[in-house]
Amino acid sequence: MLASDITSRAALVLQDDGNVRWTTSELYKWISDGQRVIALVRPDSCAKNETLTLVAGTRQTIPATGIRLLDVIRNINANNTPGRVVRIVDRESLDAQDYNWHNAAAGPTINFTQDNRDPDHFYVYPPAAAGQKLEILYSANPTEVTSGGQTLSVNDIYAEPLFNYVLYRAYSKDAEFGGNAALAQGYVSMFNALLGLKTSKDFAFSPDANKPGASPNVMAVRAGGV
């Protein structure tokens, strides 16, 4: 999806085909802001799967463009073939088993642990040797939009929420005129509703949420209880 796909639709609704009242540069800024809000609410909207080269030790950092670690999937061998899988574990479990696990001998990663209060770092066990590699999944910071031909960072499925966000910002600019304040409120409400609906439906049909032993809240979601 290109930025121009959003700006052209917005211009039609705003009845501003020449982008006189609402310039394209303004619309690009609002698209950028909208993508960041979507990424804040739905980190998976701009998920990236990459191979990360580790530094020596337990503490690791996701790529500079990342905003949150989503998962650590597997080791990558020196010849770039898939290695053993990596499983998440509570830090308290590692601490209880070995008070000195941060200083253990280096080896291929068996477990990782991560604290949501520090979303761009994680810890691996055993400690890594410099140059080891892991395949990770992380949420990337959306790229600032500067032209209509630029591909958007969020998945195409978020076109409708993003479109509503841009209209919200556009009408907020002229909120003192007529019913524009009400229009702005209507569009931001639709934006929030669309994101909330997608979240609940994704959860209802998620393989993770529906596996044996998943939270009983799944049944409430699938029954329309959320």
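In the hairpin of strands S3 and S4, where five residues lie between the strands, Asn 80 takes a positive phi near 70°. This briefing concerns a predicted model, and the points below start from that hairpin before turning to the sheets, the helices and the aromatic residues. Two open sheets are described, one with the strand order S1-S8-S3-S4 and one with the order S2-S7-S6-S5, followed by a cluster of rings that takes in Trp 22, Tyr 171 and Tyr 187.

**The hairpin and its positive phi**

- Asn 80 sits in the loop between strand S3, which covers residues 66-76, and strand S4, which covers residues 82-85.
- Although Asn 80 is not a glycine, its phi is positive, at about 70°, and the residue is exposed, with a relative accessible area of 52%.
- The two strands on either side of this loop, S3 and S4, pair with each other in the antiparallel sense over two bridges, and Arg 74 has Val 85 in S4 as its bridge partner.

**The sheet S1-S8-S3-S4**

- This open sheet has four strands in the order S1-S8-S3-S4, and its pairing is antiparallel.
- Strand S1 (47-53) and S4 stand at the edges with a single partner strand each, so that one side of each is left without a neighbour in the sheet.
- Neighbouring strands of this sheet are turned against each other by 45° on average, if direction is ignored.
- Within the sheet, S3 pairs with strand S8 (residues 133-140) in the antiparallel sense over eight bridges, and Ile 76 has Lys 133 in S8 as its bridge partner.

**The sheet S2-S7-S6-S5**

- The open sheet with the order S2-S7-S6-S5 also has four strands, but its pairing is mixed.
- Its edge strands are S2 (57-61) and S5 (87-88), each of which pairs on one side only.
- Strand S6, made of residues 111-113, is joined to S7 by three bridges, and these two strands run antiparallel; Phe 112 stands opposite Val 124 in S7.
- Strand S7 spans residues 121-128 and contains Pro 126, a residue that is joined to Tyr 125 by a cis peptide bond with an omega of about -5°.

**Helix H4 and its crossing with H1**

- Helix H4 has 15 residues, which at 1.5 Å a residue should span 21 Å, and this agrees with its end C-alpha atoms, which are 21 Å apart.
- Buried residues of H4 include Ala 159, Pro 161, Leu 162, Phe 163 and Tyr 171.
- The axes of H1 and H4 come within 10 Å of each other and cross at roughly 50°, which makes H1 oblique to H4.
- The crossing of H1 and H4 is right-handed.

**Aromatic pairs and the ring cluster**

- A search of the whole structure finds six aromatic pairs, and one of them is formed by Trp 22 and Tyr 171, whose rings meet edge-to-face at 6.3 Å centre to centre with 65° between the planes.
- This pair links distant parts of the chain, since Trp 22 lies in the loop between helix H1 (3-14) and helix H2 (24-41), whereas Tyr 171 lies in helix H4 (residues 159-173), 149 residues apart.
- Trp 22 is buried, with a relative accessible area of 8%, and Tyr 171 likewise counts as buried, at 10% relative accessibility.
- Ring pairs link these two residues with Tyr 187, so that Trp 22, Tyr 171 and Tyr 187 belong to a cluster.

**Other residues around these elements**

- Asn 19 is placed in the loop between H1 and H2, and although it is not a glycine, Asn 19 has a positive phi of about 50°.
- At 21% relative accessibility, Asn 19 counts as partly exposed, because the limit for a buried residue is under 20%.
- Ala 181 lies in helix H5, residues 180-204, and is partly exposed, with a relative accessible area of 39%.
- Ala 181 and Tyr 171 are 10 residues apart in sequence, and their C-alpha atoms are 6.7 Å apart in space.

How values were computed:
Residues are numbered from 1 along each chain as its sequence is written. This is a predicted model: local features need pLDDT of at least 70, side-chain atom pairs count only at pLDDT 80 or more; totals for chains, interfaces and linings use all residues. Side-chain values use heavy atoms; hydrogens and water are left out. Rings of Phe, Tyr and Trp (its six-membered ring) pair if their centres lie within 6.5 Å; planes under 30 degrees apart count as stacked, over 60 as edge-to-face and the rest as tilted. Buried means under 20% relative accessible area, exposed over 50%, partly exposed in between (1.4 Å probe, protein chains only). The expected span of a helix is 1.5 Å times one less than its number of residues. Two strands pair if DSSP finds at least two bridges between them. Axes are lines fitted to C-alpha atoms, for helices over the stretch in contact, and angles run from 0 to 180 degrees between N-to-C directions. Angles under 35 degrees count as roughly parallel, over 145 as roughly antiparallel, 65 to 115 as roughly perpendicular and the rest as oblique. A crossing is left-handed if the near helix is turned anticlockwise from the far one by less than a right angle, and right-handed if clockwise.
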